[in-house]
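Student: Please take a close look at one part of this model, the aromatic cluster, and then work outwards from there into its surroundings.

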Amino acid sequence: MFQMIHRTLKDQTPLYAFVAVLLLMGVVFGALMVNALTLDQQQDISRYLGNFFLNLDPSSVDDKASFWSIAVLQLKWVGLIWLFGLSVIGLPGILILDFLKGVLIGFTVGCMVGQFSWKGLLLALVSVAPHNLIVIPVLLVSSVAAVKFSLGIIRSRVFLSRPGGITEPFLSYTGMIVSMSLILLGVACFETWVSPVLMGWVSPMIGPL
């Protein structure tokens with residue numbers, strides 16, 4: 001698996017750069033969206049976040065239900081990327097998903113920082129940043145693999161420039177996605193059992209929001 005990832009990183013540097021820039025643009029766009037909210041919307045978000053962190057109690061959470069909820073949500077992203085990569089017309093969908101992921105991250109962090117200043121930044125560092133340090137690279141690897149496979153279909157089926165079967169590239173592509181999915185299950189474990197503890201430690205330190 002690691003050799004496969006290393007080979008992909010080496011051979012597809014321009015694609016990685018493009019997808020990374022797209023994600024970054026999404027993060028910036030999501031952060032700017034916070035400024036477009038009305039005062040009532042900002043107050044509603046502030047109350048929701050304040051109540052969430054104030055009433056956070058890791059011991060009261062149903063770990064099993066929480067794990068599967070997070071895991072399914074994470075796997076849906078990779079599953080959609082895999083599905084879009086199977087067709088030529090799905091190529092824009094891969095890029096849209098990456099941009100939307102960036103928007104969600106940027107909007108979430110922007111709301112926290114915009115409402116609670118440095119306290120919000122600290123909360124974002126323990127609630128948003130840790131698992132996304134793994135999720136974002138996973139999405140990058142998955143997206144580049146999907147784009148590469150989709151472009152391979154275009155070259156072999158549309159332009160007829162690559163003879164041969166598609167079975168081996170498909171198995172390689174699917175194996176990569178499965179590997180990334182297993183990593184996301186580990187991320188779901190972190191979000192379920194570690195992130196609430198980190199947030200529980202930080203919330204009392206920064207006082208009332």
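Tutor: W82, F149, F170 and Y173 form one aromatic cluster, where rings of Phe, Tyr and Trp (its six-membered ring) count as a pair if their centres lie within 6.5 Å, with planes under 30 degrees apart called stacked, over 60 edge-to-face and the rest tilted. The model is a predicted one, in which local features need pLDDT of at least 70 and side-chain atom pairs count only at pLDDT 80 or more, while totals for chains, interfaces and linings use all residues. Residues are numbered from 1 along each chain as its sequence is written, and side-chain values rest on heavy atoms, with hydrogens and water left out.

Across the whole structure, the search finds six aromatic pairs. The pair F67 and W68 is edge-to-face because the ring centres lie 5.0 Å apart and the planes stand at 75 degrees. F67 has 12% relative accessibility and so counts as buried, whereas W68, at 48%, counts as partly exposed; buried means under 20% relative accessible area, exposed over 50% and partly exposed in between, with a 1.4 Å probe and protein chains only.

Returning to the cluster, Y173 is also among the residues with the most contacts inside the largest nonpolar core, which has 27 residues, the others being V78, I81, I94, L139 and L184. Such a core is a set of buried Ala, Val, Leu, Ile, Met, Phe, Trp, Tyr and Cys residues joined through side-chain atoms within 4.5 Å. Two or more residues of this core come from each of α2 (13-33), α4 (63-85), α5 (91-127), α6 (129-158) and α7 (167-193), helices here being DSSP runs of H or I, at least four residues long, numbered from the N terminus. The largest share of this core, 11 residues, is contributed by α6.

Leaving aside residues up to four places away in sequence, V78 touches V138, L139, S142, I177, S181 and L184, contact meaning heavy atoms within 4.5 Å. A second, separate core of 13 residues includes F116, A124, V128 and V202.

In α7, the buried residues include Y173, I177, S181 and L184. The 27 residues of α7 should span 39 Å at 1.5 Å a residue, and the end C-alpha atoms are 39 Å apart, so the two values agree; the expected span is 1.5 Å times one less than the number of residues.
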